[in-house]
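Subject: A structure for you to explore

Hi there,

Here is the structure I promised to pass on. Have a look at it first, and then read my notes below with the structure open beside you.

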Amino acid sequence: MLKSISLEVEQGEVFGFLGPNGAGKSTAINTTLGFIKPDKGRVLINGISSRETSARKYIGYLPEHPVFYEHLKACELLEFSGLASGMQKQKLKTRIDPILEKMDLLPFKNRLVKTFSKGMKQRIGLAMAMVADPPILILDEPMSGLDPMGRKLVTDLILELKSAGKTIFFSTHILNDVEILCDRIAVLHKGSILYSGSTHDFIEKNENLEDAFINLIKNN
Amino acid sequence: MYGIGLLSGLLFISNLFITQFFSLEIGKVAIDVGFSVLSLAGLSIIFFLGIGLLSKDLHQKNICMIISHPVSRFKYVAGKFSGLALFLMIAMGILGIFAVLSLWMGTCASGGMETLRNFSLNIFFCAVFFNFLSLLILLALGFFFTTVTTSGYLSMLLTFFVYIIGHTLDTIIKALIKGDFVQMDTIILKGLKLVSWILPNLSAFDLKTSLAYGLPLDTVYLIWLTCYGILYTCIVLMAAGMILHFKDIS
């Protein structure tokens with residue numbers, strides 16, 4: 001359950017959403033996407049309520065546990081995602097292969113998603129989020145289930161997206177990634193925000209991000 | 001699709017055999033077999049494919065991958081329903097054609113289908129259409145119950161109850177109106193009649209008897225029945241979409 005949280009993510013920044021298990025990170029993300037209606041308050045995406053369908057044309061989303069129509073091939077899944085985002089078929093055709101290549105999945109283009117490993121499913125989920133080239137990416141635990149190679153791939157990808165001016169909001173409890181990637185962070189614990197601000201300021205009084213995070217959680 | 005192919009084959013073979021065993025009223029027997037297979041196939045599609053798929057989407061969160069795109073929940077329900085309705089229509093069409101084909105082959109030796117008493121191809125396909133319409137109503141109700149309940153089995157059970165009630169209530173009311181066994185107040189009977197159309201009245205879509213006995217069909221009644229079926233389906237689907245719109249998906 002979330003308790004009166006307030007957050008603002010600026011355009012073009014990478015925002016890390018941290019918190020221990022059960023802190024409410026996924027609930028906050030589900031509310032941001034309009035899957036859950038808040039009891040009070042509102043969530044705005046580019047000034048549009050997240051409950052409005054039109055708000056979601058700006059978003060690419062990767063859930064914590066991506067589920068797919070597994071009888072589809074990787075390329076069909078991306079085509080489905082692109083069409084659902086309102087992309088033109090012609091433009092979509094030129095977009096699928098580069099995205100699959102970026103995610104190291106091009107050799108598996110015509111393979112059924114049900115035959116994919118957990119890491120490959122995570123990467124195809126990320127490809128689905130990016131296929132329509134949305135300005136905002138909301139990623140729920142994007143590193144979950146990835147091996148070190150996969151994590152490196154996603155880290156590099158987030159940095160590339162950042163340099164392309166995309167806004168990225170992602171939840172994680174892998175603190176190393178946060179240190180490398182995030183401009184600002186928010187720490188959520190038991191449904192409340194304990195800290196919201198720059199990553200640099202958060203670490204300042206501690207040796208590293210991990211210490212800062214553990215101290216903050218322990219003191220609350 | 002393989003299932004429909006298998007059922008079509010079974011229907012074809014069984015009708016061929018049946019027409020060899022009976023010398024009288026071959027048409028009636030073949031119609032009974034044909035429509036039983038048609039109903040069985042339709043119900044299987046609704047319960048296992050329709051309700052099963054939607055329930056899996058809702059309860060295993062597949063829906064999140066769709067509604068995270070600019071797709072409204074109403075559009076999701078309408079799209080899912082349209083796809084399944086199209087599949088149902090193709091299945092009914094294939095089975096209907098196989099039923100006629102097997103009947104024609106079975107009666108070829110004895111002079112063809114013209115020799116069958118009171119049999120009309122137009123009424124046959126009309127009956128197939130109304131069977132399809134009743135299945136659409138049931139599919140929409142299956143969608144509605146899936147959005148209301150938290151379990152796929154429960155929505156299957158509720159849809160099954162409506163199917164049974166929809167096919168039997170009208171017969172019970174007719175028996176009550178006759179008054180052979182129980183005398184009931186006219187207002188209560190009228191109320192029951194109204195309830196039978198609200199639940200809905202699926203037996204009204206069963207034109208098997210008219211087809212088998214060559215009874216004439218009233219065009220105005222058929223138009224009214226079509227409007228009722230389409231309107232009922234739309235209302236139930238809108239209700240399902242509305243419930244899904246306000247439902248938290250987490």
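A good place to start is helix α6 of chain B, residues 152-178, which gives six residues to a nonpolar patch and is its biggest contributor. Please keep in mind throughout that this is a predicted model. The patch lies on the surface and is formed by B:Leu154, B:Leu157, B:Phe160, B:Phe161, B:Ile164, B:Ile165, B:Val195 and B:Leu199. Together these residues have about 640 Å² of accessible area.

One member of the patch is worth a second look. B:Leu199 sits in the loop between α7 (186-198) and α8 (208-213) of chain B. A cis peptide bond links B:Leu199 to B:Pro200, with omega at about 25 degrees. B:Pro200 is also placed in the loop between α7 and α8. As background, most peptide bonds are trans.

If you zoom out, you will see that chain B has nine helices and zero strands. The C-alpha trace of chain B spans about 65 × 50 × 30 Å along its principal axes.

Now for the place where the two chains meet. How many residues does the contact take from each chain? Chain B gives 21 residues and chain A gives 20 residues. Between them, the chains bury about 1800 Å², and 58% of that is on carbon and sulfur atoms. Three residues, B:Met65, B:His69 and B:Pro70, supply 35% of the area that chain B buries against chain A, more than any other three residues.

What kinds of pairing cross this interface? There are nine residue pairs in polar contact between chain B and chain A, counting pairs with both residues at pLDDT 80 or more. On the chain B side, the elements that give two or more residues are α3 (62-67), α4 (73-107) and α9 (219-246). The largest share comes from α3(B), with five residues. By type, the residues on this side of chain B divide into eight nonpolar, seven polar and six charged. As for salt bridges, the rule finds zero across the interface of chain B and chain A.

Salt bridges do appear elsewhere: the structure holds 12 over all chains. One of them is in chain A, where A:Asp133 pairs with A:Arg95, and the closest N and O atoms are 3.8 Å apart. Why is this pair interesting in terms of sequence? A:Asp133 lies in the loop between α4 (118-130) and β5 (136-140) of chain A, while A:Arg95 is in helix α3 (residues 89-102) of chain A, so the salt bridge ties together parts that are 38 residues apart in sequence. In general, side chains of opposite charge can pair when their charged atoms come close.

A:Asp133 has another feature to check in the viewer: a positive phi of about 55 degrees, although A:Asp133 is not a glycine. Most residues other than glycine have a negative phi.

Enjoy exploring!

Best wishes

Definitions and conventions. Residues numbered from 1 in each chain as written. Chains lettered and ligands numbered in written order. Predicted model: local features only at pLDDT ≥ 70, side-chain atom pairs only at ≥ 80, totals over all residues. Heavy atoms only, no water. Contact = heavy atoms within 4.5 Å. Buried area = accessible area lost by both parts, 1.4 Å probe. Salt bridge = Lys/Arg side-chain N within 4 Å of Asp/Glu carboxyl O. Polar contact = N/O pair within 3.5 Å; in protein donor to acceptor, adjacent residues only side chain to side chain. Helix = DSSP H or I, 4+ residues; strand = E, 2+ residues; numbered from the N terminus. Nonpolar A, V, L, I, M, F, W, Y, C, P; charged D, E, K, R; others polar. Patch = residues over 30% accessible without salt bridge, like charges linked within 9 Å, V, L, I, M, F, W, Y side chains within 5 Å. Areas by Shrake-Rupley, 256 points an atom, 1.4 Å probe, with all protein chains shown as cover.
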